[in-house]
Amino acid sequence: MQPLGLSIGVWVNALLTLCILSFLYKDNPFFRFAESLFAGMSLGYYIGIVTVQTLQPNLIRPLGETFFGNHNYLLLIPMALGIMLYFRYIPRISWLSRIALAVYIGYYVGVLMMQKIHGQVIPQTRDTIMPVTTGGIDALWNLVVIIGVFSVLVYFYFSVEHKGVVGKVSRVGIWFLMISFGASFGYTIMARISLLMGRFSFLVNNWIRPMFGS
Amino acid sequence: MNLKKLLYIDRRIIYLVVAIGALIPIIRPIGLPVEPTDPVIGLFDKLESLSPGDAVIISYDYGPSSEPELNPMSSAILRHCFHREIKVLIMAVFPLGGVNMAIREVERITSEFEDLEYGVDYVNLGYKDGGQAAMKALAVSIRDVFPADVDGNDISAMPIINEIRNYDDVEVVISLATGIIGEWWADLVNAQFSVPVAVGCTAVSAPKYYAFLRSGQMIAVLGGLKGASEYEELLRRNFVWARKVYSDPAEMKLAATTGMDVQAIVHVIIIVFIIFGNIMYFATGKEKGR
Amino acid sequence: MRRTIPLVLTFVVGMYPIFAFFVPHASISGVNQWLDRALMIVAAFALPLGVVNLVGMNLTKIKQKREGWPYAIVLLAGLVVMAYFGVIGVITRQHTGFHPTFQMLFDNMVSPLQATMFSLLAFYVASAAYRAFRARNVEATILLVAAIIVMLGRIPFGDMLTGGRMTPLSEWIMNRPNAAAQRGIIIGAALGAASMSIRVILGIERTYLGKSRD
């Protein structure tokens with residue numbers, strides 16, 4: 001079962017890669033087949049990892065092995081909430097899914113709130129308050145950062161009209177944003193080329209070359 | 001030749017030029033030089049400052065869509081850790097593929113080390129749902145979050161878990177991340193539990209992470225394939241074993257250093273496209289809306 | 001009532017992580033830690049929530065033989081096969097970790113499909129660079145120049161052309177103006193996200209509970 005000395009896995013891998021790349025020429029049935037397969041398998045994959053990696057070790061096994069020990073019976077609460085999320089598809093009791101959703105959303109917005117204020121706003125602001133009177137080149141670069149942060153924040157402040165001084169400062173903010181977007185564009189190109197390189201490298205080194213014994 | 005025709009050339013010709021530019025260095029690697037930068041040296045120095053027996057967490061927070069950038073990083077960092085006899089806890093919080101990337105990588109790299117003992121020197125804890133919930137819970141007890149390893153084996157009998165109970169026993173968390181998860185390690189775990197965090201990220205995220213690097217919330221940022229190639233270069237410069245590993249032709253097919261050849265060629269092509277496109281644009285009189 | 005209970009729950013569960021952050025007493029953090037572990041399980045149930053919708057939609061498509069219905073079969077087949085090998089080990093108790101076929105399907109199908117899908121973007125950014133990246137005005141020119149410097153700074157040719165000056169210049173852009181602009185965006189977006197969290201916790205923002213008024 002090894003055509004041309006390669007495993008079926010490599011062939012499937014290579015052919016699916018080509019199916020997707022064929023879209024570059026134009027939309028075609030091979031691409032649409034691979035695209036649908038990708039969507040379906042990704043969802044199936046979620047079911048697999050959730051079951052094997054979280055539900056089995058953190059819920060099924062503790063409940064099955066020691067129901068009362070270590071207060072494992074309390075796991076019935078998150079289990080019930082998790083199942084209740086699916087009640088949204090049963091019209092008669094769909095309102096019950098809101099209870100589970102409320103706990104789920106409530107918890108994550110609470111955590112997010114601390115993440116954003118304590119983990120982003122405070123440390124990022126603190127690090128922007130830097131010395132600018134020490135002289136030397138570092139003080140100048142510190143000033144660049146301070147002006148950049150301030151002007152970008154002014155640009156994003158839409159409660160006042162961007163005219164006069166505010167308009168001028170926000171214009172500086174746009175320039176800083178443009179530098180950053182330019183940098184992001186450069187980095188994005190790099191990321192995308194890396195992916196292309198990965199696929200081409202597979203096709204050349206794992207598929208074509210071994211086929212010809214090199 | 002009509003300049004306007006050149007400006008609105010069939011996109012497939014552009015695709016073809018990019019494809020050829022990417023293929024040539026894969027078929028015939030060039031071996032261009034790489035110079036390490038400070039954001040990458042930060043992680044290298046941190047791992048060098050650790051003593052044998054110290055522990056790190058490596059979180060595989062990426063899927064196949066970032067594999068070519070982050071796999072070489074993972075390989076280089078794992079090798080560095082194992083050579084320095086640093087204990088490694090491997091985990092994943094990225095749902096689409098993180099855990100399976102980790103399985104592949106750990107299997108490949110650990111096979112290079114004869115003396116490594118699973119459950120003593122390293123453990124693959126697998127994937128956990130919940131994102132921030134799991135990250136917060138690790139601060140209390142790793143064992144409670146991961147009662148079993150990736151293969152479902154009970155971890156309570158493993159010596160590594162008895163030594164490393166929570167973040168207090170971890171010297172640095174290294175997140176190999178795509179998307180927002182690298183950020184969570186900084187704004188949640190570093191901010192609330194003071195664990196040093198280093199992030200190896202896909203190049204798309206790198207510009208944002210420089211802000212976290214400046215504020216000290218990340219001790220290092222390895223941005224994309226370039227970051228990975230710089231780490232490989234640091235290993236090569238400092239260790240004989242690394243010079244051996246990164247001269248093996250089979251390994252070099254997977255190494256970031258080789259990938260940088262492709263980057264260099266395609267970057268030049270794209271820069272030429274930009275400059276040429278602009279020359280055409282101005283030469284044809286700045287047509288509106290195109 | 002069906003709306004009030006969820007709103008109260010969102011408030012209580014949302015406030016708890018914030019409260020526990022400021023009052024790190026053992027009795028309070030104990031509940032908070034339980035909440036963290038419980039939410040891991042709720043999140044595991046939430047991840048495949050979209051599967052039900054997608055299966056329903058695709059089954060209808062097949063039944064009504066709508067355009068592209070054979071691709072719906074491909075999608076469902078991919079989902080079923082992947083999910084089957086994901087959960088079969090847990091159900092039969094033959095495997096505690098992943099079924100070997102699950103990892104094989106991931107390596108040879110899910111992985112190349114996802115990687116290639118994203119690698120298409122390399123071609124699109126190249127095409128966009130040629131067709132849309134124009135120095136139309138000051139802002140666009142700043143963006144363009146920053147992008148070219150950063151791109152040259154990431155490849156050896158940049159340093160070769162400029163006698164080693166391109167990498168330091170690119171790092172300066174990333175560390176100063178780029179970091180400043182990104183910091184402005186981070187602080188602005190974090191304040192926005194935090195205020196949205198407060199709106200959700202206080203029940204001002206309720207769209208996540210759905211439209212019905214019962």
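This passage walks through chain B, the salt bridges, the cavities and a surface patch of a predicted model.

Because the model is predicted, local features are reported only at pLDDT of at least 70 and side-chain atom pairs only at pLDDT 80 or more, while totals for chains, interfaces and linings use all residues. Residues are numbered from 1 along each chain as its sequence is written, chains are lettered from A and ligands numbered from 1 in the order in which they are written, and side-chain values rest on heavy atoms, with hydrogens and water left out.

Chain B comes first. It has 14 helices and six strands, taken as DSSP runs numbered from the N terminus (helices are H or I with at least four residues, strands E with at least two). Along the principal axes, the C-alpha atoms of chain B fill a box of roughly 75 × 40 × 35 Å. Of the 290 residues in chain B, 66% are buried, where buried stands for under 20% relative accessible area, exposed for over 50%, and partly exposed for anything in between (1.4 Å probe, protein chains only). Helix 9 of chain B, residues 181–193, is mostly covered, with ten of its 13 residues buried. Among those buried residues are Trp184(B), Trp185(B), Leu188(B) and Val189(B), along with the charged-type side chains Glu183(B) and Asp187(B). Right after helix 9 of chain B comes Ser194(B), with a positive phi near 60°.

Next, the salt bridges. Over all chains there are 22 of them, each being a side-chain nitrogen of Lys or Arg within 4 Å of a carboxyl oxygen of Asp or Glu. Arg171(A) pairs with Glu139(C), and their closest N and O atoms are 2.8 Å apart. This pair crosses between chains, running from helix 6 of chain A to helix 6 (residues 138–153) of chain C. Arg171(A) is partly exposed at 36% relative accessible area, whereas Glu139(C) counts as buried at 15%.

Other pairs sit within chain B. Arg12(B) and Asp10(B) form a salt bridge with closest N and O atoms 3.5 Å apart; Arg12(B) is partly exposed at 29%, and Asp10(B) is partly exposed at 36%. Glu67(B) and Arg104(B) are also bridged, with 3.6 Å between the closest N and O atoms. Glu67(B) lies in helix 4 (residues 67–83) and Arg104(B) in helix 5 (residues 98–110) of chain B, so this salt bridge ties together parts that are 37 residues apart in sequence. Glu67(B) is buried, with a relative accessible area of 18%, while Arg104(B) comes out as partly exposed at 27%. Chain B also holds a salt-bridge network that links Arg79(B), Glu105(B), Arg108(B), Glu112(B) and Glu251(B).

As for internal space, the structure holds two cavities of 30 Å³ or more. A cavity here is a set of points, on a 1 Å grid over the protein atoms alone, where a 1.4 Å probe fits but cannot get out; lining residues have an atom within 4 Å of a point. Grid points are joined across faces, edges and corners, and the volume is the space filled by probe spheres set on the points. The largest cavity has about 50 Å³ of space. Its lining includes Tyr187(A), Pro39(B), Tyr210(B), Glu230(B), Arg154(C) and Glu171(C). Helix 3 (38–49), helix 10 (206–214) and strand 6 (220–223) of chain B each give two or more residues to this lining. By class, the lining of the largest cavity has six nonpolar, two polar and three charged residues (Ala, Val, Leu, Ile, Met, Phe, Trp, Tyr, Cys and Pro count as nonpolar, Asp, Glu, Lys and Arg as charged, and the others, Gly among them, as polar).

The second largest cavity has about 40 Å³ of space. Among its lining residues are Gln53(A), Leu125(B), Lys128(B), Asp149(B) and Thr96(C). Helix 2 (residues 29–65) of chain A gives the largest share of this lining, four residues. The split by class is five nonpolar, four polar and two charged.

On the outside, Val8(C), Phe11(C), Val12(C), Met15(C), Ile198(C), Leu202(C) and Ile204(C) make a nonpolar surface patch of about 610 Å². Patch residues have over 30% relative accessible area and no salt bridge, with nonpolar side chains (Val, Leu, Ile, Met, Phe, Trp, Tyr) joined within 5 Å and like charges within 9 Å; the areas come from the Shrake-Rupley method with a 1.4 Å probe, and for residues only the protein chains shown count as cover. Helix 1 (residues 4–22) of chain C gives the largest share of the patch, four residues, and Val8(C) has its place in that helix.

Conventions
1 Å grid on protein atoms, 1.4 Å probe; cavity = no way out; pocket = protein on both sides within 12 Å on 5 of 7 lines; lining within 4 Å.
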